[in-house]
Amino acid sequence: MAEWIECKISDIGTVVGGATPSTKKPENYENGTIAWITPKDLSTFTGRYIQRGERSITEIGLKSCSTQLLPKDTVLFSSRAPIGYVAIAANEVCTNQGFKSVIPNENTDPLFLYYLLKYNKDKIEGMGSGTTFKEVSGNTMKNIVVSVPTDKKVQKRISSMLGSIDEKIEENERINNNLEQQAQALYENIFCIHSDIDTKHISLSDLMDYAGGSQPPASEFVFSERDGYIRFVQIRDYDTDSHITYIPDSPKNKLCEEHDIMIARYGASLGRICFGINGAYNVALAKVFPKKSFFREFLRCYLSSRTFYEGINNKGGRSAQAGFNQSDINSFEIDFPVDETIVKKFECTVAPMFEQRLQLKKENQHLASLRDTLLPKLMSGELDVSNVEI
């Protein structure tokens with residue numbers, strides 16, 4: 001049986017904060033090659049190892065503030081807005097002030113540390129303080145008490161068991177991304193690049209309707225499934241089940257099905273396209289209703305295109321409360337084939353690709369559920385891994 005001890009995070013690694021170079025000085029960012037990570041970069045990040053964020057900084061930017069280069073295998077932990085995003089640096093990176101990252105010491109397996117912080121997320125978040133928003137200070141992070149195996153080999157066995165599940169999830173994600181890119185390339189090749197197709201200029205509303213979700217009163221939320229209640233999902237729930245709540249039954253046009261096209265209707269994810277979640281009620285999302293069944297994959301690709309994404313963000317704005325409505329959808333104009341058999345053929349080609357993506361997405365949900373079930377049992381020592389071979 002492995003020996004476990006209680007210790008502080010500062011006993012197993014070095015806690016490091018970050019900073020932001022002045023955005024008023026272009027020389028801090030222009031042509032920068034140093035990876036710079038913010039919590040926003042992790043808001044839609046589903047893997048474990050991150051290489052870079054949306055922006056990079058220059059050497060001048062690095063030296064202009066208190067951020068510092070973190071070595072490969074540093075575990076990044078967002079300490080505010082929100083608390084609890086976790087990722088591992090795949091290479092040297094630096095972060096803004098929204099992180100309290102941990103550089104593991106030589107006796108700590110980096111992947112084990114990653115899962116340890118995920119396991120202790122709620123505990124760490126509970127230690128946060130602040131009036132406008134909660135934040136975990138560097139001193140608080142250093143003094144968080146955790147339980148760890150003294151033997152690094154045991155840490156590696158635990159991280160290997162959890163890591164093998166995440167590796168499969170990540171491989172499925174890579175396949176799904178490839179399938180999506182193939183579908184998008186076909187769409188661009190057939191409907192955007194070729195000029196020999198006769199088209200007509202129509203409104204996007206001629207091809208689809210949509211129904212937006214709405215925010216139920218917080219008093220109606222419950223946190224476990226019960227009779228007469230249905231799942232209530234927000235945009236963040238499309239990558240994790242950690243925030244699922246339930247509300248009383250609602251109008252059927254507000255419910256998702258797995259083949260539905262869902263569009264993030266406001267906020268930082270404005271314009272993002274999601275899978276439907278069977279039987280779930282949605283908020284901050286628009287459910288698309290194709291006016292003909294064979295419009296579905298054409299619409300899915302158009303709504304996933306850069307043209308639509310940029311257009312909807314320009315109409316909706318880019319503030320935290322940015323959003324769009326039916327009139328915004330109605331104002332989109334699109335060149336659509338006069339001969340609809342072209343769209344039918346496209347549907348026949350692309351629909352199986354979407355179906356494969358859907359099945360892999362469902363497999364990932366099952367794998368994530370298995371991982372999340374094992375996580376507390378492994379990280380508490382409830383499951384003995386002494387005899388596990390790696």
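Two strands count as paired here if DSSP finds at least two bridges between them, and with that in mind the tour of this predicted model can start at a sheet.

Select strands 3, 5 and 8 together: they make up an open sheet of three strands, ordered 5-3-8, in which the pairing is mixed. At the edges stand strand 5 (55-57) and strand 8 (94-95), each of which has a single partner strand, so one side of each is left without a neighbour in the sheet. As background to this view, the strands of a sheet pair through backbone hydrogen bonds, in either the parallel or the antiparallel sense.

Narrow the selection to strand 3 (residues 34-37) and strand 5, which pair in the antiparallel sense over three bridges. Which residue of strand 5 is the bridge partner of Trp36? It is Arg55, and this residue is worth keeping on screen with its side chain shown, since the next stop also concerns it. Add Tyr29 to the view, and the charged end of Arg55 will be found over the ring of Tyr29, at 4.1 Å from the ring centre.

Now move along the chain to helix 8 (residues 296-303), where seven of the eight residues are buried, so that the helix is largely enclosed by the rest of the structure. The buried residues are Glu297, Phe298, Leu299, Arg300, Cys301, Tyr302 and Leu303. With Arg300 still selected, bring in Phe354: Arg300 lies over the face of its ring, 3.7 Å from the ring centre.

Phe298 of this helix leads on to the aromatic residues, and selecting Tyr187, Phe191, Phe294, Phe295, Phe298, Phe336 and Phe346 will display a cluster linked by ring pairs. In the structure as a whole there are twelve aromatic pairs. One of them joins Phe294 and Phe295 in an edge-to-face arrangement, with 5.1 Å from centre to centre and 80° between the planes, and both Phe294 and Phe295 are buried.

For the last stop, select Phe308 and Phe332, an aromatic pair that is tilted, with 5.0 Å from centre to centre and 40° between the planes. Phe308 belongs to helix 9 (residues 306-316), whereas Phe332 lies in the loop between helix 10 (326-330) and strand 19 (333-337), so the pair ties together parts that are 24 residues apart in sequence. Are these two rings buried or exposed? Phe308, at 0% relative accessibility, counts as buried, and Phe332 is likewise buried, with a relative accessible area of 7%, because the cut-off for that class is under 20%.

Note on methods:
Residues are numbered from 1 along each chain as its sequence is written. This is a predicted model: local features need pLDDT of at least 70, side-chain atom pairs count only at pLDDT 80 or more; totals for chains, interfaces and linings use all residues. Side-chain values use heavy atoms; hydrogens and water are left out. Rings of Phe, Tyr and Trp (its six-membered ring) pair if their centres lie within 6.5 Å; planes under 30 degrees apart count as stacked, over 60 as edge-to-face and the rest as tilted. Buried means under 20% relative accessible area, exposed over 50%, partly exposed in between (1.4 Å probe, protein chains only). Helices (H or I, at least four residues) and strands (E, at least two) are DSSP runs, numbered from the N terminus. A charge sits over a ring if NZ of Lys or CZ of Arg is within 6 Å of the ring centre and within 35 degrees of the ring normal.
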